[in-house]
Amino acid sequence: VAEVAATAGRQMRAVGARLALSPVLDVARDPRWGRLEETYGEDPELVSRLGVAYVRGIQSEGVVATAKHFLGYGQPDAGFNQGEMSVGPRRLRDVFAAPFRAAIAEAGLGAVMNAYNEVDGLPCAGSAEILTELLRGELGFAGTVVADYFAVSLLESYHRTASGKEDCARQALVAGI
């Protein structure tokens, strides 16, 4: 995995790219989820080992890895792509945050992308608890947090936690995006 990622990193640099939107560190726990094929699997240790190897490989070539999707995207209720996830704090950390923890601590991960889903009612794109307290505080992440494509606007249109573009932007900014 590290060799493949290093090759991808060299090829990206050759065309001027410096940010990879990978690896996917989602621990996939619901086979109905429509993005299952993008993951390394259902085991947090396997996902951690492959994720660390990928981050080391691509970043060895001067390309910043963006681990995604923080957090809990692989076990949505009913398999719905943007569905919420109900989970206790221990499983959240021991299973779903474990690959991110490993990539940060062992490989110096440079960037993280938030998930579209909610964790116990908190939309990941607008949650300081998830992106600041857990990701930066507990996991010690000091890199860049990037929003998934429509994550910020979904705070208004899907999650209904914001009213208008300014409120969406404020929530994302407070959360650390």
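**Exercise 1. Find what follows helix α5, and say where its buried residues lie.**

Step 1. Gly140 follows α5 and has a positive phi, near 75 degrees. Helices here are DSSP runs of H or I with at least four residues, numbered from the N terminus. This is a predicted model: local features need pLDDT of at least 70, side-chain atom pairs count only at pLDDT 80 or more, and totals for chains, interfaces and linings use all residues. Residues are numbered from 1 along each chain as its sequence is written, and side-chain values use heavy atoms, leaving out hydrogens and water.

Step 2. Helix α5 covers residues 128-138, and its buried residues (under 20% relative accessible area, 1.4 Å probe, protein chains only) are Ile130, Leu131, Leu134 and Leu135.

Step 3. Viewed down the axis of α5, these buried residues fall within an arc of 120 degrees, so they line one face of the helix. The arc is taken from the directions from the helix axis to the C-beta atoms.

**Exercise 2. Describe how α2 packs against α4.**

Step 1. Take the geometry. Helix α2 (residues 44-59) and helix α4 (residues 98-107) pack at about 35 degrees, with axes 8 Å apart. Axes are lines fitted to C-alpha atoms over the stretch in contact; angles run from 0 to 180 degrees between N-to-C directions.

Step 2. List contacts (heavy atoms within 4.5 Å). Residues of α2, including Val47, Val52 and Val55, meet residues of α4, including Ala98, Ala102 and Glu106.

**Exercise 3. Describe how α1 meets α2.**

Step 1. The axes of α1 (residues 2-14) and α2 come within 7 Å and cross at roughly 35 degrees.

Step 2. Among the contacting residues are Ala5, Gly9 and Met12 in α1, with Ala53, Tyr54 and Ile58 in α2.

Definitions and conventions
Helices (H or I, at least four residues) and strands (E, at least two) are DSSP runs, numbered from the N terminus. Buried means under 20% relative accessible area, exposed over 50%, partly exposed in between (1.4 Å probe, protein chains only).
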